[in-house]
Amino acid sequence: MFRSGADQEPLVLMSGTSLPTFDVAYQTYGTLNDAKSNAVLICHALTGDQHAANRHPVTGKPGWWETMVGPGKPIDTDRFFVICPNILGGCLGSTGPASINPDTGRAWGLDFPVITIQDMVNAQVRLIDALGIGDLFAVIGGSMGGMQVLDWAARYPERVFAAVPIATAAWHSSQNIAFHEVGRQAVMADPDWADGRYLDQGRTPRRGLAVARMAAHITYLSEEALQRKFGRNFQERDALSFSFSADFQVESYLRHQGSSFVDRFDANSYLYVTRAMDYFDLASGASGQLSQAFSRTATRFCVVSFTSDWLFPTHESKAIVRALNAVAANVSFVEIESDKGHDAFLLEEPELFATVRGFLDAGARRRGISERA
Amino acid sequence: MLKRTPPAAGSHRVDHELIAEMVADGARVLDVGCGDGALLQLLEDRRSVDGRGIEISRERVNACVAQGLSVIQGDADSDLDDYPDKAFDYAVLSLTIQATRQPRAVLENLLRIGRRAIVSFPNFGHWQVRWQLLTRGRMPVTENLPDTWYQSPNAHLCTIADFEGLVRAVGAETVEAVAFGTGGSRLPINRSLRLQNVLGEKAVFLLERA
């Protein structure tokens with residue numbers, strides 16, 4: 001874990017407040033080469049964490065991107081030194097609303113300042129500095145991770161050789177803000193949320209957070225994937241029960257998604273991180289012109305979207321590509337045919353793997369990064 | 001690390017070989033309608049260009065990117081407007097102009113985006129085309145025009161003489177132009193193009209704004 005202590009610069013947040021001290025928990029895979037030229041930063045999504053390619057300490061499940069990251073994988077840890085930090089505002093070791101507020105000795109709760117994607121990236125910059133790494137070979141991430149990738153590339157172009165924003169957007173759409181608001185209201189409607197002070201009282205807003213997760217989970221899938229996977233199949237019964245128990249497999253599946261999520265995620269963290277996504281608008285910091293956010297960039301971009309992703313649809317990736325074309329940036333853009341919806345970026349998608357592998361290999365050849373670190 | 005060895009000369013398309021001669025070392029090149037990326041790869045291997053591609057077919061784009069080329073999915077008619085003026089040293093349109101909806105607008109965009117434009121196209125004035133149309137009274141099917149009229153993506157076929165007319169119409173200047181005869185023989189296009197317009201299967205024009 002990286003700790004920015006009281007003897008170091010405070011982290012000034014976009015809101016104007018600052019964190020005098022903060023922690024960033026992170027995992028690394030592979031070896032940093034002598035030239036320190038093979039570092040790859042992986043940015044996780046809303047409910048992800050730093051455990052991209054190792055067994056999760058809480059759930060015991062494989063890392064969320066084990067198909068992508070590892071020896072011989074598209075993000076090859078024999079070749080690259082991979083760093084995956086938990087975001088600021090997260091709940092797996094990095095400072096967030098469930099952390100202890102040094103001023104009170106209690107959990108921050110809603111006293112934690114509202115943070116943004118930029119704040120998350122600034123905390124990562126401090127981590128990368130502390131690791132003694134100047135330039136990152138690549139910054140890669142999907143969904144909210146893709147927002148961090150875009151922010152890195154926009155504000156630190158000289159430190160990012162290659163950027164891979166996947167299934168993401170340069171601003172959070174109205175529909176997506178709407179879904180997030182439903183999730184937050186579900187959390188806050190749970191009496192166990194206790195105005196955000198549930199940790200002090202030994203409570204957990206399980207029902208509210210589970211409903212938030214259930215609603216959000218639908219947006220990560222597609223109509224086609226749901227139909228294919230569940231159809232109208234009954235759950236452990238042969239006929240309708242004429243009750244509100246989980247008659248359908250899809251209900252049972254969502255209930256499971258909701259309840260298992262609660263075991264590994266802090267409810268207030270969910271409020272803060274969804275808010276950070278809502279606030280993201282890369283163009284607003286560039287006088288409304290997205291292309292200006294990337295002016296004179298030398299970074300090589302590989303933008304990826306999925307055909308059935310309706311949360312971050314292809315046209316939002318295309319807006320990024322158009323902005324990059326407007327400044328004649330080096331950009332590749334691939335739309336991958338998949339019926340798995342937004343979640344496709346986390347799943348077995350051979351075309352995604354081939355794209356990321358080819359793009360990184362070509363960049364590594366240009367950078368003279370050898371195949372074994 | 002294995003060093004990529006460029007394939008031996010001769011295994012490339014004759015028009016690609018010529019374009020590789022026209023392009024300067026280290027140039028910035030946009031290949032519009034880059035297909036499987038063969039030209040971009042040739043230019044990167046032989047000329048160390050900073051190459052980008054646009055391709056309409058998603059499968060081909062994905063294959064290009066997996067191969068390490070910088071390619072986006074897009075189309076010549078609608079996506080060239082995004083690029084700024086003089087963003088590239090060369091804007092290349094290889095055997096694609098006849099498949100665009102608005103060849104004139106596309107050519108003007110090429111000349112705006114690139115300091116120079118390189119355009120190649122199948123010659124509809126080739127004697128085989130003329131012969132088939134004359135004797136059979138049907139749309140010709142040749143090696144360079146392999147599809148039936150109803151399956152062909154080509155919407156605006158032209159002869160070399162027709163293309164020269166378009167070059168004049170947009171106020172561009174021809175720096176170099178070469179037609180390719182049967183077997184890939186080069187037929188430089190000079191003031192009189194009567195012979196080239198009959199013997200050339202396809203042609204490559206290097207253009208710039210006058």
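A residue counts as exposed here if 12 or fewer other C-beta atoms lie within 10 Å of its own, and as buried if that number is 20 or more. Keep that in mind for the views below, which all come from a predicted model.

**Figure 1. Helix 3 of chain A has an exposed face turned away from its buried side.** On the exposed face you'll find A:Ser174, A:Gln175, A:Ala178 and A:Gln185. The buried residues of this helix include A:His180, A:Gly183, A:Ala186 and A:Val187. Why do these four sit on the same side of helix 3 of chain A? They do so because they cover an arc of only 115° around the axis. It helps to remember that an α-helix has 3.6 residues a turn, so residues three or four places apart point the same way.

**Figure 2. Here is helix 3 of chain A from end to end, with what covers it.** The helix runs over residues 174-189, which makes 16 residues. From first C-alpha to last it reaches 22 Å, close to the 22 Å expected at 1.5 Å a residue. Helix 4 (206-220) and helix 7 (267-279) of chain A are among the parts that cover its buried residues.

**Figure 3. Take a look inside the largest nonpolar core, a set of 178 residues.** A:Val40, A:Ala138 and A:Val139 have the most contacts inside this core. Zoom in on A:Ala138: setting aside neighbours within four places in sequence, its contacts are A:Val40, A:Phe161, A:Ala162, A:Ala163, A:Val164, A:Leu360 and A:Gly363. In soluble globular proteins, nonpolar side chains tend to be buried together.

**Figure 4. This is where chain A and chain B touch.** The contacts join 23 residues of chain A to 17 residues of chain B. On the chain A side, strand 12 (300-306), helix 9 (314-326), strand 13 (330-336) and helix 10 (350-367) each chip in at least two residues. Which of chain A's elements gives the most to this side? That's helix 10 of chain A, with eight residues. Sorted by class, the chain A side has 10 nonpolar, six polar and seven charged residues. For the complex, the predictor gives an ipTM of 0.85 and a pTM of 0.93.

**Figure 5. Chain B begins with a stretch where pLDDT is below 50.** Averaged over chain B, the pLDDT is 91, and 95% of the residues score at least 70. The low stretch is residues 1-7 of chain B, with five contacts in the model beyond near neighbours in sequence.

**Figure 6. A:Arg3 sits in strand 1 (residues 2-4) of chain A.** Is A:Arg3 buried or partly exposed? It's partly exposed, because it has 13 other C-beta atoms within 10 Å. A:Ser241 is 238 residues away along the chain, and 54 Å separates the two C-alpha atoms.

Key
Residues numbered from 1 in each chain as written. Chains lettered and ligands numbered in written order. Predicted model: local features only at pLDDT ≥ 70, side-chain atom pairs only at ≥ 80, totals over all residues. Contact = placed C-beta atoms within 7 Å. Nonpolar A, V, L, I, M, F, W, Y, C, P; charged D, E, K, R; others polar. Core = buried A, V, L, I, M, F, W, Y, C linked by C-beta atoms within 7 Å. pLDDT = per-residue confidence, 0-100. Expected span 1.5 Å × (residues − 1). Arc of directions from axis to C-beta.
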